[in-house]
Amino acid sequence: MKGPKDNIVLIGMMGTGKSTVGTLLAAETGHELVDLDLEIQRKAGSTIPDIFANKGEAFFREMENAVLREVLQRDRVIVATGGGCVLKAENCKEMAANGWVVSLKADAESIISRVGDDPNRPLLAGGVRERVMRLLDERKGAYDFAHCTVDTTGKSAADVASEILMHYRV
C-alpha cells in the first residue's frame, strides 16, 4: 500500500515555482517528475492555449482531473500541478489521499514578474496584473488543504526545494 509521502504534489498559483522546484525535487529524490500541464498537452496533442480556445476551460478541467487521477496511481512521483487544479474538490481529495501536498505561495508582485507576458497562460490574456489579482482573490483558501505551505517570495528554487525536503524527510 502506497503511503501519502511516496508522492509529492506541488500546488499553488501560477508563477509560484511548481515546475522549477519540481525539477529540483525530482533530481534530489530520484522520483519521476510529472508536470501535469505538459502531460495534458501530450495526451491532447495540443497546447493548453489551443485547448482553452477550441474546447473551453470546462473540457480542460475534465481532462486535468482524468490525467491527475492517472498520474497519482504511480509510485514515487513529483507532480507539478496547474494553478487551477484545486478548483475541483475531487482533485483536492485525490491529491491529499495519494500524495504529500505542498502549497507554494508568493506575493502578487512576485507572481506578476514571474509570469509576465507568457502566451501559454490563457487565464492571463488581456491584462496580467488585473487577472493575477483577481485569481489570487478568487482562490483565497483553495490551497489550504496542503500538508505544508512554503512561501517562495524572494527565495531561489534551490532554497525552496531544500525547505520542502526538510519537511518531507521529518
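This report walks through a five-stranded sheet and a pair of helices in a predicted model.

In this predicted model, local features need pLDDT of at least 70 and side-chain atom pairs count only at pLDDT 80 or more, while totals for chains, interfaces and linings use all residues. Residues are numbered from 1 along each chain as its sequence is written, and side-chain values use heavy atoms, with hydrogens and water left out.

**The sheet**

Let's start with the strands, which are DSSP runs of E with at least two residues; helices are runs of H or I with at least four residues, and both are numbered from the N terminus. Five strands form an open sheet in the order S2-S3-S1-S4-S5, with parallel pairing; two strands pair if DSSP finds at least two bridges between them. Strand S2 (32-35) and S5 stand at the edges with a single partner strand each, so one side of each has no neighbour in the sheet. On average, neighbouring strands are turned by 20 degrees against each other, direction ignored.

Strand S4 (residues 100-105) is joined by four bridges to strand S1 (residues 8-11), and the two run parallel. Four bridges also join S4 to strand S5 (residues 148-151), again in parallel. Here are some of the bridge partners of S4:

| Residue in S4 | Partner | Partner strand |
|---|---|---|
| Ser103 | Ile11 | S1 |
| Ser103 | Thr149 | S5 |
| Val102 | Cys148 | S5 |
| Lys105 | Asp151 | S5 |

How many of the six residues of S4 are buried? Five of them are, so the strand is mostly covered; buried means under 20% relative accessible area, exposed over 50% and partly exposed in between, using a 1.4 Å probe and protein chains only. In a regular strand, side chains alternate between the two faces of the sheet. In S5, Cys148 and Val150 make up a covered face, and Thr149 and Asp151 an uncovered one.

**Just past S5**

Thr152 lies in the loop between S5 and helix H7 (157-168). Thr152 is buried, with a relative accessible area of 2%. Leaving aside residues up to four places away in sequence, Thr152 touches Thr16, Leu104, Lys105, Ala106, Arg114 and Val160; contact means heavy atoms within 4.5 Å.

**The helix pair H5 and H6**

Now to the helices. The axes of H5 (residues 108-115) and H6 (residues 128-138) come within 10 Å and cross at roughly 130 degrees. That makes H5 oblique to H6, because angles under 35 degrees count as roughly parallel, over 145 as roughly antiparallel, 65 to 115 as roughly perpendicular and the rest as oblique. Axes here are lines fitted to C-alpha atoms, for helices over the stretch in contact, and angles run from 0 to 180 degrees between N-to-C directions.

Which residues meet? Ala108, Glu109, Ile111, Ile112 and Val115 in H5 contact Val128, Arg129, Val132, Met133 and Leu136 in H6. By class, this contact has eight nonpolar, no polar and two charged residues; Ala, Val, Leu, Ile, Met, Phe, Trp, Tyr, Cys and Pro count as nonpolar, Asp, Glu, Lys and Arg as charged, and the others, Gly among them, as polar.

Within H5, Ala108, Ser110, Ile111, Ile112 and Val115 are buried, and H6 is part of what covers the buried residues of H5. Just after H5, Gly116 takes a positive phi of about 45 degrees.
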